[in-house]
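I opened this entry to look up strands, cysteines and one annotated repeat. My notes follow the model.

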Amino acid sequence: MKLDKGKKVKKAVFDPNHVEELRKVNPDTYWQYHADREYQMIDNINENNQLEAVPCNISDQAAITSMCLSPDGTLLATFSNIGAVKIWDIADDFNLIRKLRDTEEKHIDEFYCGQFVSDSQNLLVTGGKLKDRHRWSVEDEDNHILPCSIKIFDIEECKIVGKLAGHSEEILCIKSLTFNGKNYYISTSQDGYIFKWNMDSDWTTLIDATHMEDGATCMAFTVSFVPNTGNKYFLAACDEHLRLYDFEESQLLQTFEDIYSSYCDCGKFIKWLDEPIYTAQQKKLTQEDDIKEEKIEVDIMEEDGTPENYAWFISRGAEMCDVGDGVSSKPNTCTLHKLVYPTQPGGAFRLEEVKKYKHEDYHANSWLVKITSNGRYILAPTIYGQIFVFNILTGQLTAILKDHEDIEVRDVIFHPYRPLVFSSGDDGCVKVYTYKTHTDHEGQDMDVALDISIV
């Protein structure tokens, strides 16, 4: 299904009026839960607010590549390359309540990603890798890879109720969304394609599928939808770049090149809670220099005098091993970006680098690793079983969590309304963290209906 690079496609252009209409019809809820809300999400992480691991036995017999929470925050799904998805009850002492397998699959399943689907939480859409049980690949030093299908599980019945074929290699990310009144899945893959799957109201019946018109990407990792655009635009971590796509038109719009020297494998939009402090600091700096003040005033206004519309975005990646095996001359970093929206028809988005987060002991030169944020801190896994905690505003390292074995931590997520952080890694374990002393966090009614929207 390779794209014909000679095919002439009408180039999509930015239309602010259309985007505004979509925003009104499809308002996003991405910022419903963050550290400054009334819910008891983990907020400060530092010397005065330390985290500790909670005793639990969330584990598998192989690497747990990623995790996801159910829409109401009561269930945790873990995705393992041993060929199973496990469902854990957060409200009942983290007990295992389901183990999902494709019992009709004759080859070797590995699960890399997934998401709960629908308000009833009865479906789980998953992606990963399928390997030929009877054929070996000398090049991969593993079983030969087969075309990889998206698999949709009925959680209650523990069975497959839908499959979506299209990707030829590992599926690395999958999300569900609604755009313009229609249901979609969006998936990325090591084959370089980003697919959108238009689904019927049951979320299991495929209406049609198409991939983004790209023709350049070799590996597509994560996607994150641009806030306040009605899900029309998204940023994808692809190869060593960040690429901006028009979801509606299925087109690549812009490429922000060479974010990292090897791979940019994770990017997420965030609500930066300390932005007002940052803005005040910037204004203070400009007041000390009239020239700088004039430049900043120009920067924050468009040519027609319209106030700037923008969103904050975090990314991480791996650097080229130019020194030796696994060793790079460039330090590993996470980055805070500012995506500035155009205001005029046909205008271009602008991606600005705001701050880099690094530390001499932060070693994360591996790919297929995810970072996360509660709006105040970035949690960044390492290849040595650690999670580095960076303050977004100051750039300081405020904590290091170390409970995994000395091997890659792959994923880390905040619970939206409980004081919990989850991490998973190649040691086959999930670690659950909470405050060492959290009396002040107890007693609030947690039995509320939630809708966790993943940007």
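I count two strands as paired if DSSP finds at least two bridges between them. The model is predicted, and I read everything below with that in mind.

**Entry 1: strand E13 and its partners**

I started with strand E13, residues 194-199. How many of its six residues are buried? I found six of six, so the strand is mostly covered, with buried meaning under 20% relative accessible area. I then split E13 by face. Ile-194, Lys-196 and Asn-198 lie on one side. Phe-195, Trp-197 and Met-199 lie on the other. Both faces are covered.

Next I looked up the pairing. Strand E12, residues 182-189, runs antiparallel to E13, and six bridges join them. Within that pair, Ser-187 has Phe-195 of E13 as its bridge partner. I checked the turn of this hairpin too. Four residues separate E12 from E13, and Gly-192 takes a positive phi near 90°.

I moved on to strand E14, residues 206-211. E13 and E14 are antiparallel and are joined by five bridges. Which residue of E14 is the bridge partner of Phe-195? I found His-211. Phe-195 is therefore bridged to Ser-187 of E12 and to His-211 of E14, under the bridge-based pairing rule. E13 and E14 also form a hairpin, with six residues between them. In that turn, Trp-203 has a positive phi of about 65°.

**Entry 2: the sheet that holds E1**

I looked up strand order here. Four strands make an open sheet in the order E1-E29-E28-E27, with antiparallel pairing. Which strands are at the edges? They are E1 (51-53) and E27 (409-414), and each pairs on one side only. From one strand to the next, the twist averages 25°.

I then took the E1 pairing in detail. E1 meets strand E29, residues 430-435, in the antiparallel sense over three bridges. Leu-51 has Tyr-435 of E29 as its bridge partner.

**Entry 3: the WD repeat annotation**

I checked the UniProt record next. An unreviewed entry places the feature "repeat: WD" at residues 57-90. I computed the span in the model: it is 0% helix and 53% strand. Its end C-alpha atoms lie 12 Å apart.

I also looked up the sheet with the order E2-E3-E4-E5. This sheet is open, has four strands and pairs antiparallel. Strand E2 (64-69) and strand E5 (95-100) are its edges, each pairing on one side only. The twist averages 25° from one strand to the next. Strand E3 (residues 75-80) and strand E4 (residues 84-89) run antiparallel, joined by six bridges. Leu-76 has Trp-88 of E4 as its bridge partner.

**Entry 4: cysteines**

How many disulfides does the whole structure hold? My search found zero. I looked at Cys-264 for a reason. Its closest cysteine sulfur is in Cys-266, at 8.0 Å, which is too far for a bond because the cut-off is 2.5 Å. Cys-264 is buried, with a relative accessible area of 0%. Cys-148 is buried as well, at 2%.

Is Cys-158 buried or partly exposed? At 29% relative accessibility, I noted Cys-158 as partly exposed. Cys-158 lies in the loop between strand E9 (148-154) and strand E10 (159-167). I listed what Cys-158 touches, leaving out residues up to four places away in sequence: Arg-98, Lys-99, Leu-100 and Arg-101. I also took the C-alpha distance from Cys-158 to Leu-100. The two are 5.5 Å apart in space and 58 residues apart in sequence.

**Entry 5: Thr-222**

My last stop was Thr-222, in strand E15, residues 220-225. Thr-222 has a relative accessible area of 8%, so I put it down as buried. What does its side chain reach? I found the backbone nitrogen of Gly-267, at 3.1 Å. I then listed the contacts of Thr-222, setting aside neighbours within four places in sequence. They are Cys-173, Thr-188, Leu-235, Ala-236, Ala-237, Asp-265, Cys-266 and Gly-267. Gly-267 thus appears in the contact list and as the polar partner of the side chain, within the 3.5 Å cut-off.

Definitions and conventions: Residues numbered from 1 in each chain as written. Predicted model: local features only at pLDDT ≥ 70, side-chain atom pairs only at ≥ 80, totals over all residues. Heavy atoms only, no water. Helix = DSSP H or I, 4+ residues; strand = E, 2+ residues; numbered from the N terminus. Axes fitted to C-alpha atoms, helices over the stretch in contact; angles between N-to-C directions. Buried < 20%, exposed > 50% of the residue type's maximum accessible area, 1.4 Å probe, protein only. Polar contact = N/O pair within 3.5 Å; in protein donor to acceptor, adjacent residues only side chain to side chain. Contact = heavy atoms within 4.5 Å. UniProt positions renumbered as here; feature names shortened; annotations may be inferred.
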